[in-house]
Amino acid sequence: MIYAREAVKDAAIGVGVAETPEGLTTIHHPGCAAVLWRRKPLNRFQSWIDGLPSEYLPQARLILRPKAVRQAVSEICEAAETPKGTECDRLIEDVAALSDIFANVMVTEWLRLRLDVVTTNACRRFHIDAVTARLVCTYRGTGTQYGVSSNGADPSRVFTVPTATPILLRGTRWPEQPKSGLLHRSPPIEGSGETRLVLVLDPVVGPNSKFEQVLID
């Protein structure tokens, strides 16, 4: 585990850099605004997912228990007609594994899971999410961008999370004060021809009637 309050290679102030999934628990350390799990994409998998036509990329929004993620993502891939095989299985297993890891770190029994296929400048403004914490992993395309703002303006120095690297970010509902000032955004890609596949996980206290997503137990 690497943790620093100053720039550390591909990190920024208040950002931890984990070498193992267990290192994501650093998010609970005082002053840690985010944690990166530094890992490299597998060449064969990355070539496969980068080469898929966008209509075959899985996308969905669900609220479910971590134990239901594997089956749910398998069905999402089937509905999208994502080509079956070793690499599709790898994607399903990785989403399920990240869901388990995130649920354990956040001590939550329910997750809000999103698989987004992005071709526009979605969430292009720097912001902090209105959640306790959020895990984001970009499987295809440019990763999440982040930086520190001291006065509410956009960060003067912007970092980009590498593809396939999960980042766990504190949100506005994290109880620690003062806030870190770490902001993030989706990279502006509109007009570039780029297609991103992004996994987003949020903790959920429990099923509630206000949620419009499908609930899976």
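Work out whether Cys-77 is buried or exposed, and whether its sulfur is close enough to a cysteine sulfur for a bond.

*Solution.* Start with the surface: Cys-77 has a relative accessible area of 1%, and buried means under 20%, exposed over 50%, and partly exposed in between (1.4 Å probe, protein chains only). So Cys-77 is buried. Next, look for a partner: the closest cysteine sulfur belongs to Cys-88, 4.1 Å away, which is too far for a bond. A disulfide needs a pair of cysteine sulfur atoms within 2.5 Å, and the structure has zero of them. Cys-32 is another buried cysteine, at 0% relative accessible area.

A quick word on the ground rules: this is a predicted model, where local features need pLDDT of at least 70 and side-chain atom pairs count only at pLDDT 80 or more, while totals for chains, interfaces and linings use all residues. Residues are numbered from 1 along each chain as its sequence is written, and side-chain values use heavy atoms, with hydrogens and water left out.

**Helix packing**

Describe how helix 2 and helix 3 pack, and say which residues make the contact.

*Solution.* Geometry comes before residues here. The angle between the two helices is about 145° and their axes are 9 Å apart; axes are lines fitted to C-alpha atoms, for helices over the stretch in contact, and angles run from 0 to 180 degrees between N-to-C directions. The helices and strands are DSSP runs numbered from the N terminus (helices H or I, at least four residues; strands E, at least two). Now the residues, with contact meaning heavy atoms within 4.5 Å. Helix 2 brings Val-69, Arg-70, Val-73, Ser-74 and Cys-77, and helix 3 brings a set including Cys-88, Leu-91, Glu-93 and Ser-99.

**The cores**

Find which residues of the largest nonpolar core touch the most other members, and which helix gives the most to it.

*Solution.* A nonpolar core is a set of buried Ala, Val, Leu, Ile, Met, Phe, Trp, Tyr and Cys residues joined through side-chain atoms within 4.5 Å. The largest one has 43 residues, and Leu-113 and Tyr-139 touch the most other members. Elements supplying at least two residues each include helix 1 (43–51), helix 2 (69–79), strand 5 (110–118) and strand 6 (133–140). Helix 3 tops the list with 11 residues. Zooming in on Tyr-139, and skipping neighbours within four places in sequence, its contacts include Phe-45, Ile-49, Leu-91, Val-95 and Leu-199. Apart from the big core sits another, of 15 residues, with Ala-33, Ala-34, Val-118 and Tyr-146 among them.

**Odd phi values**

Compare where Val-107 and Ala-164 lie: which is buried and which is exposed?

*Solution.* Most residues other than glycine have a negative phi, and most peptide bonds are trans. Val-107 has a positive phi of about 50°, and Ala-164 has a positive one near 80°. Val-107 lies in the loop between helix 3 and strand 5, and at 73% relative accessibility it is exposed. Ala-164 lies in the loop between strand 8 (159–160) and strand 9 (167–170), and at 8% it is buried.

**A loop threonine**

Place Thr-144 in the chain and list some of what it touches.

*Solution.* Thr-144 is in the loop between strand 6 and strand 7 (145–148). At 6% relative accessibility, Thr-144 is buried. Leaving out residues up to four places away in sequence, Thr-144 touches, among others, Val-136, Phe-159, His-184, Pro-187 and Arg-196.
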